[in-house]
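Student: Please give me a close look at the aromatic side chains, both where they pair up and where they sit at the surface. I'd like the cut-offs spelled out as you go.

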Amino acid sequence: MFICKICNEEYAENMRYSRGSRYCKKCGKKHSEYLSFRRNTLASLRSMPLEDKVIQTKFLIRQAVITFGEDHCYISYSGGKDSTVLSHIAKQLYPNILHLFANTTNETLKHIQWELNENHTNIIIVYPIDAKGEMWNFKKVVEHYGYPMFSKRVSNAIRTYQHAKTSLTKQNSIDYIERNFKKYQKYIELPISDKCCDKLKKEPLRRKAKELGMSKVMVVTEQ
């Protein structure tokens with residue numbers, strides 16, 4: 001018997017959505033339809049003229065702020081070109097909207113200082129300190145968890161395999177890597193992990209947002 005990753009119900013082998021999947025047939029079909037919808041939506045958005053993309057972005061920002069309030073929304077700001085475009089558009093609507101910037105200790109801060117001092121962007125710089133008050137840096141994360149290699153998905157798959165608590169979880173991890181990242185199978189025993197981004201950026205940002213009572217984040221994601 002297997003446990004569906006979505007509905008958590010048990011299912012037999014003949015009710016598996018597809019070979020190697022972790023979904024029952026019903027949930028697997030819905031998940032596949034959802035992914036297809038997302039791909040089609042993304043393709044449609046990418047084909048839009050630039051002016052329409054800006055209008056759509058402004059509409060979504062307004063909806064977020066109207067729904068949750070400006071004092072509960074913030075921009076996860078990296079200082080890169082994508083998040084700078086998002087910042088520029090958001091500030092046209094809400095000039096003082098909060099930006100949270102995670103200083104991972106590997107950042108070049110010249111642009112951030114310009115945003116603060118010259119462009120008058122409302123930025124709070126967050127440092128990678130964990131719940132125990134310990135300061136993290138790249139070297140410390142690598143020593144504790146391993147190197148971020150290849151991609152976040154590959155690193156996560158390898159870390160999941162290495163830290164599996166049961167034989168079933170370990171076998172599922174092996175099957176997942178074989179199905180999706182076969183050429184990386186030879187690296188699964190090496191010190192590789194996706195925890196770098198979590199420790200240096202995601203967790204400190206979430207902690208600061210919670211401290212400030214900020215419940216909704218605007219981010220730019222890679223597709």
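Tutor: Here's a walk from the overall layout to the rings and then out to the surface. Heads up that this is a predicted model, where local features need pLDDT of at least 70, side-chain atom pairs count only at pLDDT 80 or more, and totals for chains, interfaces and linings use all residues. Residues are numbered from 1 along each chain as its sequence is written, and side-chain values use heavy atoms, with hydrogens and water left out.

The protein has eight helices and six strands (DSSP runs numbered from the N terminus: H or I of at least four residues for helices, E of at least two for strands). Starting at the N terminus, the order is β-β-α-α-β-α-β-α-β-α-α-α-α-β. Its C-alpha atoms fill a box of roughly 60 × 40 × 30 Å along the principal axes. Of the 223 residues, 31% are buried; that label means under 20% relative accessible area, with exposed being over 50% and partly exposed in between, using a 1.4 Å probe and protein chains only.

Now the rings. A pair of aromatic rings is described by the distance of the centres and the angle of the planes. Here, rings of Phe, Tyr and Trp (its six-membered ring) pair if the centres lie within 6.5 Å; planes under 30 degrees apart are stacked, over 60 edge-to-face, and the rest tilted. That rule gives six aromatic pairs. One of them joins Trp 136 and Tyr 145, and it's tilted, at 6.0 Å centre to centre with 35 degrees between the planes. The two partners carry separate labels: Trp 136 is buried because its relative accessible area is 4%, while Tyr 145 is partly exposed because its value is 27%. Elsewhere, ring pairs tie Phe 150, Tyr 184 and Tyr 187 into a cluster.

Phe 150 turns up again at the surface, in a nonpolar patch with Phe 138, Tyr 147 and Met 149 that has about 370 Å² of accessible area together. Patch members have over 30% relative accessible area and no salt bridge; nonpolar side chains (Val, Leu, Ile, Met, Phe, Trp, Tyr) are joined within 5 Å and like charges within 9 Å. The areas are Shrake-Rupley values with a 1.4 Å probe, and for residues only the protein chains shown count as cover. A salt bridge needs a side-chain nitrogen of Lys or Arg within 4 Å of a carboxyl oxygen of Asp or Glu. Phe 138 belongs to helix α5, residues 138-145, and is partly exposed because its relative accessibility is 32%.
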